[in-house]
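Colleague: Before we discuss any labels, could you show me the model, so that I can ask how each of them is justified?

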Amino acid sequence: MSSIADNIRSVTRRIQKATQQAGRKPDSVRLLAVSKTRPPEDIRAAAQIGQTAFGENYLQEALDKIEALKDLPDLEWHFIGPIQSNKTRQIAESFLWVHSVDRLKIARRLSEQRPDELGPLNICLQVNVNDEERKSGCSLTELPELATAVSELPNLTLRGLMAIPDPNQSEADLKQSFQKLAHALAQLKQSLPGAIQLDTLSMGMSSDLEPAIEEGATWVRVGSALFGARPAK
Ligand SMILES: *Cc1c(COP(=O)(O)O)cnc(C)c1O
């Protein structure tokens, strides 16, 4: 059985290789370790070999782990799951990044509820690039208006876009999905010149991080390749 440390090393090698093949700088892609359903000990094991960024989907579970790992001050918490509006306060108080904002109401609440002393909350807008039914995310059509409104909220920094394209698509379709997100970010950069920190594409998971990096991912969100298969929900 491979250890979490071995898995991190091997995923890091995959990232380095893909970055190199894409002609990108080695430090242009960061690894977000998706630790949902995993116990705090797994996060500790990853942190021990230098992993600092962790992604969580379920708020209560995340808050319990953040509390249990308070003694590790360098950890950086990212919320990547669907957001209910009655949960925004705790998200605004406990996370550094939120990747899954897909409507203005949620963004407004996060901005209002972000404690001043923590500085702005980093935001990615989740986009449903292929208009899949039953999937969160705003449409590519709604995106420009949502991005403009979010970029004006005082306690948020709009950093970029996130997508979860169906990993079971053909490789060509998957690449096209990642391209759509990259293209949408490029367009936003032109239409929102004031949003100078618009530098983030959160895309690519355990099975598709290579094509995502080829198309410009700056965060890859990797769970099972680091921590093993998750129990069925
Ligand atoms: C679970 C999850 C991941 C990680 O998926 P793996 O296939 O286990 O790497 C990435 N992003 C989001 C939003 C997730 O919910």
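Modeller: Let us begin with Lys36, which is placed in the loop between strand S1 (30–34) and helix H2 (40–48), and please keep in mind that this is a predicted model.

Colleague: What makes Lys36 count as buried or exposed?

Modeller: The word buried is used for a relative accessible area under 20%, and Lys36 has a relative accessibility of 15%, so Lys36 counts as buried. Leaving out residues up to four places away in sequence, Lys36 touches Gly55, Glu56, Asn57, Tyr58, Glu61, Lys65 and Arg230.

Colleague: What does UniProt list for Lys36?

Modeller: The UniProt record, an unreviewed entry, lists Lys36 as "modified residue: N6-(pyridoxal phosphate)lysine". In the model, Lys36 is also among the residues that surround the ligand, together with others including Val34, Asn57, Ile80 and Gly223.

Colleague: Which side chains have a polar atom beside an oxygen atom of the ligand, and how do you know that these pairs qualify as polar contacts?

Modeller: A polar contact needs a pair of N or O atoms within 3.5 Å. A polar side-chain atom of Ser206 lies 2.5 Å from an oxygen atom of the ligand, and for Arg230 the distance from a polar side-chain atom to a ligand oxygen is 2.8 Å, so both pairs meet the cut-off of 3.5 Å. Arg221 also takes part, with an N or O atom of its side chain 2.8 Å from a nitrogen atom of the ligand. As for the ligand's own surface, the protein covers 89% of the 380 Å² of accessible area that the ligand has on its own.

Colleague: Why is His99 called buried?

Modeller: The reasoning is as before: the cut-off is under 20%, and His99, at 0% relative accessibility, therefore counts as buried. His99 is placed in strand S4 (residues 97–101), and its contacts beyond four places in sequence include Leu32, Trp219 and Arg221.

Colleague: What makes the pair of His99 and His78 a polar contact?

Modeller: The side chains of His99 and His78 are joined at 2.8 Å, and the limit is 3.5 Å, so the distance satisfies the definition.

Colleague: Which residues have the most contacts inside the largest nonpolar core?

Modeller: That core has 62 residues, and those with the most contacts inside it are Val98, Leu110, Ile123, Leu125, Leu161 and Val220. Helix H7 (residues 171–191) gives the most to this core, with six residues. There is also a second, separate core of eight residues, which includes Val34, Ala53, Ile80 and Cys124.

How values were computed: Residues numbered from 1 in each chain as written. Predicted model: local features only at pLDDT ≥ 70, side-chain atom pairs only at ≥ 80, totals over all residues. Heavy atoms only, no water. UniProt positions renumbered as here; feature names shortened; annotations may be inferred. Helix = DSSP H or I, 4+ residues; strand = E, 2+ residues; numbered from the N terminus. Buried < 20%, exposed > 50% of the residue type's maximum accessible area, 1.4 Å probe, protein only. Contact = heavy atoms within 4.5 Å. Near = heavy atom within 4 Å. Polar contact = N/O pair within 3.5 Å; in protein donor to acceptor, adjacent residues only side chain to side chain. Areas by Shrake-Rupley, 256 points an atom, 1.4 Å probe, with all protein chains shown as cover. Core = buried A, V, L, I, M, F, W, Y, C linked by side-chain atoms within 4.5 Å.
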